[in-house]
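Q: Please take a close look at a single part of this structure. Walk me through how its pieces sit against one another.

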Amino acid sequence: MQLKKKLLLLEDDAHIRKMIRQCLPDQEWEIAEVVTVAEAIAVAAAFEPDLVIMDLGLPDGDGKKFLRSFRAGSNATVMVLTARGQEQEKVFALDAGADDYLTKPFSVVELQARIRAHLRRSAAASQQAPSHYQFGDIDVDLQARRVSRGGQLLHLTPKEFDLLSLLLVNAGKVVTQRRMMVEIWGPAFLDQTHYLRIYMGHLRHKLEQDPARPRFILTETGVGYRLEL
């Protein structure tokens, strides 16, 4: 008998909780529902969810408090559902440890698709982290720091390769501008995001068939970038 996947649902809106329950098959999911940050912190340790879907605006405080607490002990996927459309709120949630977000109102079909995608990536991540990636006609060997396109070796600068590596190991997830600046350039360059735009433009010209309409390196406006394999 296949074990059910576990979802911790942190949401104070009963209508949204019902909608999410209805889009996940009972035979595949065990769902624990909580409505406050305090309940979520108390339940999460014992429940050990595979996936967390959570709101940010909760009756007893900001959901990011739970997110930071949860991230200290778990690598499970966290998806944020929020009515807060401001880009900065999305950045704060992602920097606090969220893997993805949807802004309310959202499409149930999109939610289901994102859940399936994250579960596939989680299953792959449970295996040994790969050092070799392929997407489109691009071949990347992280260990050898080699990138080729259609069998032809590409020249990437060290910064371009480091950016590509960061996106690859977080494929499907939004990587915030803040994280990219800190990890690639260092904290002293945190406000110099024009560097990031320039280098991402270079990467797209080298890796995309149509850099103006990228297929793989996608922009999350005002937030960061996402690599879709």
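A: The crossing of α6 and α7 is right-handed: the near helix is turned clockwise from the far one by less than a right angle (anticlockwise would be left-handed). This is a predicted model, where local features need pLDDT of at least 70, side-chain atom pairs count only at pLDDT 80 or more, and totals for chains, interfaces and linings use all residues. Numbering starts from 1 along each chain as its sequence is written, and side-chain values use heavy atoms, without hydrogens or water.

Helix α6 spans residues 158–169 and α7 spans 177–185. Helices here are DSSP runs of H or I, at least four residues long; strands are E runs of at least two, and both are numbered from the N terminus. The two axes lie 10 Å apart, at an angle of about 130°. Axes are lines fitted to C-alpha atoms, for helices over the stretch in contact; angles run from 0 to 180 degrees between N-to-C directions. So α6 is oblique to α7. Under 35 degrees counts as roughly parallel, over 145 as roughly antiparallel, 65 to 115 as roughly perpendicular, and the rest as oblique.

Which residues meet? From α6 come Lys159, Asp162, Leu163, Leu166 and Leu167. From α7 come Arg179, Met180, Glu183, Ile184 and Trp185. Contact means heavy atoms within 4.5 Å. Six of the contact residues are nonpolar, four are charged and none is polar. Nonpolar covers Ala, Val, Leu, Ile, Met, Phe, Trp, Tyr, Cys and Pro; charged covers Asp, Glu, Lys and Arg; the others, Gly among them, are polar.
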